[in-house]
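Trainee: Could you take me through one part of this model in close detail? I would like to understand how a few helices pack against one another.

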Amino acid sequence: MSQILLLTNHRGSSVEVLPALEFLSHNVRILPAVPTALLDAKPADLIMVDARKDLAGSRSLSQLLRATGISVPLLLVLTEGGMAAVTASWAADDVVLDSAGPAEVEGRIRLALTRASSVEDSTHQEIQAAGIVIDEDSYTARVHGSALNLTYKEFELLKYLAQHPGRVFTRSQLLNEVWGYDYYGGTRTVDVHVRRLRAKLGPENEKLISTVRNVGYLLSVSKTPDDALTDA
(Lines give C-alpha, C1' and ligand atoms only; values in the text may rest on other atoms or scores of the structure.)
Protein backbone atom coordinates (compact mmCIF):
# COMPACT_ATOMS: atom_id res chain seq x y z
CA MET A 1 0.00 0.00 0.00
CA SER A 2 1.42 3.36 -1.06
CA GLN A 3 1.02 6.75 0.59
CA ILE A 4 -0.53 9.08 -1.99
CA LEU A 5 -0.87 12.83 -1.58
CA LEU A 6 -3.65 14.36 -3.68
CA LEU A 7 -3.42 18.10 -4.25
CA THR A 8 -6.81 19.47 -5.18
CA ASN A 9 -9.04 22.45 -4.53
CA HIS A 10 -12.11 20.25 -4.80
CA ARG A 11 -13.88 20.14 -1.45
CA GLY A 12 -15.17 16.61 -1.79
CA SER A 13 -13.40 13.28 -1.33
CA SER A 14 -10.63 11.83 -3.47
CA VAL A 15 -13.18 9.49 -5.03
CA GLU A 16 -14.84 12.48 -6.70
CA VAL A 17 -11.51 13.49 -8.28
CA LEU A 18 -10.42 10.01 -9.35
CA PRO A 19 -13.20 7.46 -8.71
CA ALA A 20 -10.92 4.47 -9.28
CA LEU A 21 -9.08 5.24 -6.03
CA GLU A 22 -12.10 3.88 -4.13
CA PHE A 23 -11.26 0.39 -5.34
CA LEU A 24 -7.53 0.52 -4.57
CA SER A 25 -5.83 -0.10 -1.26
CA HIS A 26 -3.62 3.00 -1.21
CA ASN A 27 -3.76 5.51 1.61
CA VAL A 28 -4.83 8.84 0.07
CA ARG A 29 -4.44 12.16 1.85
CA ILE A 30 -5.90 15.39 0.45
CA LEU A 31 -4.31 18.83 0.68
CA PRO A 32 -5.02 22.14 -1.09
CA ALA A 33 -3.40 22.51 -4.51
CA VAL A 34 -0.79 25.04 -3.36
CA PRO A 35 2.97 24.54 -2.92
CA THR A 36 2.91 25.59 0.74
CA ALA A 37 0.65 22.64 1.51
CA LEU A 38 3.71 20.39 1.41
CA LEU A 39 5.59 22.26 4.11
CA ASP A 40 3.98 20.37 6.98
CA ALA A 41 2.79 17.35 5.04
CA LYS A 42 3.83 13.87 6.01
CA PRO A 43 6.09 12.03 3.53
CA ALA A 44 4.32 10.51 0.54
CA ASP A 45 5.33 7.91 -2.03
CA LEU A 46 3.55 9.70 -4.87
CA ILE A 47 1.88 13.05 -5.47
CA MET A 48 -1.21 13.54 -7.63
CA VAL A 49 -2.25 16.97 -8.88
CA ASP A 50 -5.91 17.54 -9.75
CA ALA A 51 -5.57 19.30 -13.09
CA ARG A 52 -9.12 18.76 -14.33
CA LYS A 53 -10.40 22.33 -14.10
CA ASP A 54 -7.44 24.72 -13.85
CA LEU A 55 -4.88 23.77 -16.47
CA ALA A 56 -2.74 26.90 -16.18
CA GLY A 57 -2.68 26.78 -12.39
CA SER A 58 -1.94 23.07 -12.38
CA ARG A 59 0.93 23.52 -14.80
CA SER A 60 2.46 26.22 -12.60
CA LEU A 61 1.98 24.07 -9.51
CA SER A 62 3.57 21.05 -11.13
CA GLN A 63 6.56 23.08 -12.33
CA LEU A 64 7.00 24.69 -8.93
CA LEU A 65 6.81 21.37 -7.10
CA ARG A 66 9.48 19.93 -9.37
CA ALA A 67 11.65 23.02 -8.92
CA THR A 68 11.58 22.53 -5.14
CA GLY A 69 13.32 19.19 -5.65
CA ILE A 70 10.61 16.69 -4.77
CA SER A 71 11.93 13.19 -5.31
CA VAL A 72 8.65 11.28 -5.53
CA PRO A 73 6.68 10.72 -8.75
CA LEU A 74 4.23 13.42 -9.82
CA LEU A 75 1.03 12.38 -11.63
CA LEU A 76 -1.58 14.67 -13.18
CA VAL A 77 -5.28 13.84 -13.04
CA LEU A 78 -6.90 15.22 -16.20
CA THR A 79 -10.09 15.19 -18.21
CA GLU A 80 -9.83 13.90 -21.77
CA GLY A 81 -10.05 17.44 -23.08
CA GLY A 82 -7.16 18.58 -20.88
CA MET A 83 -4.80 15.92 -22.22
CA ALA A 84 -4.08 18.02 -25.30
CA ALA A 85 -2.59 20.80 -23.17
CA VAL A 86 0.02 18.70 -21.39
CA THR A 87 3.63 18.88 -22.58
CA ALA A 88 7.03 17.98 -21.14
CA SER A 89 7.25 21.50 -19.70
CA TRP A 90 4.72 20.49 -17.07
CA ALA A 91 7.50 18.42 -15.45
CA ALA A 92 5.10 15.62 -14.49
CA ASP A 93 6.05 11.94 -14.55
CA ASP A 94 2.74 10.71 -15.95
CA VAL A 95 -0.92 11.56 -16.52
CA VAL A 96 -4.10 9.68 -15.80
CA LEU A 97 -7.66 10.38 -16.95
CA ASP A 98 -10.20 10.99 -14.22
CA SER A 99 -12.32 8.32 -15.91
CA ALA A 100 -9.59 5.66 -15.86
CA GLY A 101 -10.49 2.32 -14.31
CA PRO A 102 -8.85 0.81 -11.21
CA ALA A 103 -6.52 -1.45 -13.22
CA GLU A 104 -5.12 1.43 -15.27
CA VAL A 105 -4.69 3.71 -12.27
CA GLU A 106 -2.96 0.96 -10.30
CA GLY A 107 -0.68 0.21 -13.26
CA ARG A 108 0.34 3.85 -13.67
CA ILE A 109 1.02 4.22 -9.95
CA ARG A 110 3.10 1.05 -9.91
CA LEU A 111 5.12 2.03 -12.99
CA ALA A 112 5.79 5.53 -11.65
CA LEU A 113 7.01 4.17 -8.32
CA THR A 114 9.19 1.54 -10.03
CA ARG A 115 10.80 4.10 -12.33
CA ALA A 116 11.49 6.43 -9.41
CA SER A 117 13.09 3.60 -7.45
CA SER A 118 15.30 2.65 -10.41
CA VAL A 119 16.46 6.24 -10.86
CA GLU A 120 17.26 6.54 -7.17
CA ASP A 121 19.29 3.34 -7.22
CA SER A 122 21.23 4.35 -10.32
CA THR A 123 22.06 7.83 -9.03
CA HIS A 124 23.45 6.63 -5.74
CA GLN A 125 25.68 3.68 -6.34
CA GLU A 126 28.87 3.00 -4.47
CA ILE A 127 31.97 1.89 -6.34
CA GLN A 128 33.40 -1.23 -4.73
CA ALA A 129 36.60 -3.09 -5.60
CA ALA A 130 39.26 -4.98 -3.65
CA GLY A 131 37.89 -3.87 -0.27
CA ILE A 132 37.69 -0.23 -1.34
CA VAL A 133 34.29 1.49 -1.20
CA ILE A 134 33.82 4.88 -2.84
CA ASP A 135 30.71 7.01 -2.42
CA GLU A 136 30.63 9.71 -5.10
CA ASP A 137 27.69 11.55 -3.52
CA SER A 138 29.41 12.16 -0.19
CA TYR A 139 32.89 12.18 -1.72
CA THR A 140 34.15 9.64 0.79
CA ALA A 141 36.30 6.54 0.44
CA ARG A 142 36.86 3.60 2.76
CA VAL A 143 39.16 0.61 2.70
CA HIS A 144 37.95 -2.44 4.59
CA GLY A 145 35.65 -0.16 6.58
CA SER A 146 38.27 2.46 7.51
CA ALA A 147 37.73 6.00 6.23
CA LEU A 148 40.43 7.55 4.05
CA ASN A 149 41.38 11.21 4.30
CA LEU A 150 42.06 12.02 0.64
CA THR A 151 42.67 15.16 -1.34
CA TYR A 152 40.52 15.85 -4.39
CA LYS A 153 42.98 14.38 -6.90
CA GLU A 154 43.81 11.43 -4.67
CA PHE A 155 40.11 10.65 -4.48
CA GLU A 156 39.68 10.98 -8.25
CA LEU A 157 42.68 8.76 -8.93
CA LEU A 158 41.53 6.06 -6.52
CA LYS A 159 37.99 6.26 -7.92
CA TYR A 160 39.21 5.82 -11.48
CA LEU A 161 41.35 2.81 -10.59
CA ALA A 162 38.46 1.30 -8.59
CA GLN A 163 36.14 1.73 -11.55
CA HIS A 164 38.49 -0.48 -13.59
CA PRO A 165 39.87 -3.08 -11.15
CA GLY A 166 42.53 -5.34 -12.58
CA ARG A 167 43.12 -3.10 -15.60
CA VAL A 168 46.57 -1.61 -16.17
CA PHE A 169 46.86 2.07 -17.06
CA THR A 170 49.94 3.90 -18.24
CA ARG A 171 50.96 7.04 -16.44
CA SER A 172 49.93 9.09 -19.48
CA GLN A 173 46.49 7.50 -19.52
CA LEU A 174 45.94 8.25 -15.84
CA LEU A 175 47.21 11.79 -16.31
CA ASN A 176 44.73 12.37 -19.12
CA GLU A 177 41.76 10.70 -17.43
CA VAL A 178 42.19 12.14 -13.94
CA TRP A 179 43.96 15.45 -14.54
CA GLY A 180 42.59 16.15 -18.01
CA TYR A 181 44.05 16.56 -21.46
CA ASP A 182 44.83 20.21 -20.84
CA TYR A 183 47.04 19.47 -17.83
CA TYR A 184 50.64 20.45 -18.53
CA GLY A 185 52.31 18.63 -15.66
CA GLY A 186 54.46 15.56 -16.29
CA THR A 187 53.69 11.94 -15.56
CA ARG A 188 55.75 12.25 -12.39
CA THR A 189 52.59 13.78 -10.90
CA VAL A 190 50.93 10.36 -11.14
CA ASP A 191 53.81 8.68 -9.31
CA VAL A 192 53.62 11.22 -6.50
CA HIS A 193 49.87 10.74 -6.03
CA VAL A 194 50.16 6.95 -6.15
CA ARG A 195 52.82 7.10 -3.44
CA ARG A 196 50.58 9.29 -1.29
CA LEU A 197 47.60 7.00 -1.87
CA ARG A 198 49.59 3.95 -0.80
CA ALA A 199 50.67 5.74 2.36
CA LYS A 200 47.08 6.58 3.22
CA LEU A 201 45.89 3.05 2.46
CA GLY A 202 48.35 1.85 5.10
CA PRO A 203 50.95 -0.93 5.13
CA GLU A 204 48.33 -3.67 5.06
CA ASN A 205 46.58 -2.24 1.97
CA GLU A 206 49.27 -0.34 0.05
CA LYS A 207 49.82 -3.27 -2.34
CA LEU A 208 46.27 -2.86 -3.62
CA ILE A 209 47.77 -0.36 -6.05
CA SER A 210 50.39 -2.32 -7.96
CA THR A 211 53.07 -1.11 -10.31
CA VAL A 212 53.37 -3.03 -13.56
CA ARG A 213 56.97 -2.81 -14.74
CA ASN A 214 57.50 -0.59 -17.74
CA VAL A 215 53.73 -0.01 -18.07
CA GLY A 216 51.94 1.75 -15.22
CA TYR A 217 49.52 1.07 -12.38
CA LEU A 218 46.47 -1.02 -11.60
CA LEU A 219 44.18 -1.73 -8.68
CA SER A 220 44.88 -5.36 -7.83
CA VAL A 221 41.94 -7.72 -7.32
CA SER A 222 43.97 -10.93 -6.98
CA LYS A 223 47.48 -12.18 -6.57
CA THR A 224 49.66 -11.47 -9.57
CA PRO A 225 52.93 -13.24 -10.44
CA ASP A 226 55.97 -11.46 -9.04
CA ASP A 227 57.66 -11.38 -12.43
CA ALA A 228 54.96 -9.05 -13.74
CA LEU A 229 54.68 -6.66 -10.80
CA THR A 230 56.80 -4.64 -8.50
CA ASP A 231 55.59 -2.73 -5.46
CA ALA A 232 58.04 0.06 -6.03
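Mentor: Happy to; what follows is a walk through three helices and their mutual contacts, with a short stop at a pocket afterwards. Please keep in mind that this is a predicted model.

A word on the description itself: two packed helices are characterised by the angle between their axes and by the distance between those axes.

Let's start with α4 and α6. Helix α4 covers residues 152-163 and helix α6 covers residues 188-201; the two pack at an angle of about 85°, and their axes lie 10 Å apart. Because angles of 65 to 115 degrees count as roughly perpendicular, α4 is roughly perpendicular to α6. On the α4 side, the contact uses K153, E154, L157 and L158, which meet H193, V194, R196, L197 and K200 of α6. Sorted by class, this contact holds 4 nonpolar, 1 polar and 4 charged residues.

Now turn to the partner α5, residues 171-179, which packs against α4 at an angle of about 115°, again with axes 10 Å apart. Here the crossing is right-handed. From α4 come K153, E156, L157, Y160 and L161, while α5 brings L174, E177, V178 and W179. The class count for α4 with α5 is 6 nonpolar, no polar and 3 charged residues. Notice K153 and L157: they take part in the contact with α6 and also in the one with α5.

The remaining pair is α5 and α6, which pack at an angle of about 80° with axes 9 Å apart. That angle makes α5 roughly perpendicular to α6. R171, L174, L175 and W179 of α5 make this contact with T189, V190, D191 and H193 of α6. By class there are 4 nonpolar, 2 polar and 2 charged residues. L174 and W179 of α5 touch α6 here, and both also belong to the contact with α4. Likewise, H193 of α6 meets α4 as well as α5.

Before you go, have a look at the second largest pocket, which holds about 190 Å³ of space. Its lining includes T8, N9, H10, A33, V49 and D50, along with R52, K53, D54, G57, S58 and L61. Both β3 (46-50) and α2 (55-67) supply at least two lining residues each, and α2 gives the largest share, with 3 residues. By class, the lining divides into 3 nonpolar, 5 polar and 4 charged residues.

Definitions and conventions: Residues numbered from 1 in each chain as written. Predicted model: local features only at pLDDT ≥ 70, side-chain atom pairs only at ≥ 80, totals over all residues. Heavy atoms only, no water. Axes fitted to C-alpha atoms, helices over the stretch in contact; angles between N-to-C directions. Helix = DSSP H or I, 4+ residues; strand = E, 2+ residues; numbered from the N terminus. Parallel < 35°, antiparallel > 145°, perpendicular 65-115°, else oblique. Contact = heavy atoms within 4.5 Å. Nonpolar A, V, L, I, M, F, W, Y, C, P; charged D, E, K, R; others polar. Left-handed = near helix turned anticlockwise from the far one by under 90°. 1 Å grid on protein atoms, 1.4 Å probe; cavity = no way out; pocket = protein on both sides within 12 Å on 5 of 7 lines; lining within 4 Å. Points joined across faces, edges and corners; volume = space filled by probe spheres on them.
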